[in-house]
Amino acid sequence: MIHARGLARTFRKKKQEVHAVVGVDLDVEAGEIVGFLGPNGAGKTTTLRMLTTLLEPTAGTATVAGCDLITDPVGVRRRIGYVSQSGSTAPEARAGEEVVDHARLYGMSTAEATERGKQLFRELDLDGLWERQPKTMSGGQRRRLDIAVGLIHIPELVFLDEPTTGLDPQARANLWQHISSLREQRGTTVFLTTHYLDEADALCDRILVIDHGAIVAEGTPDQLKSQVGGDVLTVTAADSAQMAGIARLMGMLPGAEAPQLVEDRVIGRVPHGGAALVELVRGLDREGLAVSGIESRRPSLDDVFLGLTGRSLRDAGAAEPAAEVAV
Ligand SMILES: Nc1ncnc2c1ncn2[C@@H]1O[C@H](COP(=O)(O)OP(=O)(O)OP(=O)(O)O)[C@@H](O)[C@H]1O
């Protein structure tokens, strides 16, 4: 459904060049839900804008929904849906009108667009909101309306740019269900960017991680997690001046890899979390290092992310603690 090779984009700002995307190869098969993860500025939106024909690549080739991105951008546009971060509905318009107007741009008759729009409203839990103005809707309702607009022309492939940013946990979970049922009921292929690791874990069949404009890892959530061996120890320092001392102790545990400092936490990996935790607590006590929390747990996607990019996308919902002691 998407096959890209060497896709790249350089921006020129005054005399400086910004290499936003430096050569992305990716393949997405029909019916997959694929998550595109990366820290701020990694190149997610630039890649998405190239794949949706909104931005011309400086190098590379791609076919999207069976059409060549460079020689047949109109064919690509006809076959895809795109829901941007900011959405596309006018706050003062009527919801139903917005959907029908969008469908008319794709050559649908008003009758056909109305029928299809009302069906989408039912599927997306927007029943009864046809006459409402988006500005009077909740964040979750507005996001689902954006998705209805992106789907009105029955695309086989839909791109969602951070679909749940700004929604409360319940509205996010609700939207995940809607996105999953799109695939179940219609076989729609979904390519989405997200900052939420629990979202990628719960929703996506496969994850692509981008950093500094290039793909640095890909796999199912489980495959990525299994690349991080052992258990993860996290110590939250009570006094940031003592973090180096805590890291030194953690680094001396049997089989430990070099710990990383993230905000007020020291994070390290060890082969056996339970035994290491006991030894670490003894050491902290002996050296008078004060901590406000300490835990050992199975690796989460955040740990995968930290290992790959050196940065944390910190997401409390991403992992279940395997062992925890209060100190
Ligand atoms: N129009 C532009 N002109 C110059 N530089 C740009 C432009 N658009 C993006 N960039 C730069 O390209 C890099 C990648 O940006 P991009 O928006 O693709 O990242 P992102 O992964 O989507 O980030 P975020 O998660 O913050 O949305 C950044 O360094 C950004 O500043």
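Histidine 212 is placed in the loop between strand 9 and strand 10 (214–219), where helices (H or I, at least four residues) and strands (E, at least two) are DSSP runs, numbered from the N terminus. Its phi is positive, about 45 degrees, although histidine 212 is not a glycine. With 15 C-beta neighbours inside 10 Å, histidine 212 counts as partly exposed. The scale behind this term calls a residue buried if 20 or more other C-beta atoms lie within 10 Å of its own, exposed if 12 or fewer, and partly exposed in between, with C-beta atoms placed from the backbone.

The model is predicted: local features need pLDDT of at least 70 and side-chain atom pairs count only at pLDDT 80 or more, while totals for chains, interfaces and linings use all residues. Residues are numbered from 1 along each chain as its sequence is written.

A second non-glycine residue with positive phi is lysine 14, at about 50 degrees. Lysine 14 belongs to the loop between strand 1 and strand 2. It is exposed, having 4 other C-beta atoms within 10 Å. The two loop residues are set out below.

| Residue | Phi | C-beta atoms within 10 Å |
|---|---|---|
| Lysine 14 | about 50 degrees | 4 |
| Histidine 212 | about 45 degrees | 15 |

Strands 1 and 2, which flank lysine 14, are part of an open sheet of four strands in the order 2-1-4-5, with antiparallel pairing. Strand 2 and strand 5 (67–68) form the edges, each with a single partner strand, so one side of each is left without a neighbour in the sheet. Strands count as paired if DSSP finds at least two bridges between them. Strand 1 and strand 2 run antiparallel and are joined by ten bridges; arginine 9 stands opposite valine 21 in strand 2. Helix 1 packs on this sheet, touching strand 1, strand 2 and strand 4 (59–64), and its direction makes about 115 degrees with that of strand 1. Such angles run from 0 to 180 degrees between N-to-C directions, with axes fitted to C-alpha atoms, for helices over the stretch in contact; contact requires C-beta atoms, placed from the backbone, within 7 Å.

The ligand is surrounded by residues including Phe11, Lys13, Val18, Ala20, Gly38, Asn40, Lys44 and Thr45, the criterion being a C-beta atom, placed from the backbone, within 6 Å of it. Strand 1 (2–13), strand 2 (16–28) and helix 1 (44–51) each give two or more residues to this shell. Helix 1 provides the largest share, three residues.

Strand 3 (residues 33–37) is mostly covered, with five of its five residues buried. Ile33, Gly35 and Leu37 lie on one side and Val34 and Phe36 on the other. Strand 3 runs parallel to strand 8 (residues 189–194), to which five bridges join it, and leucine 37 stands opposite threonine 194 in strand 8. Strand 3 also pairs with strand 9 in the parallel sense, over four bridges; here phenylalanine 36 stands opposite leucine 208.

Strand 9 (206–211) recurs in the surroundings of helix 11, whose buried residues pack against it and against helix 7 (197–203), helix 8 (221–227), strand 11 (231–237), strand 12 (260–262) and strand 13 (265–270). In helix 11 (residues 301–309), the buried residues are Leu301, Asp302, Asp303, Val304, Phe305 and Leu306. Glycine 310 follows helix 11 and has a positive phi, near 75 degrees.

Terms used:
Contact = placed C-beta atoms within 7 Å.
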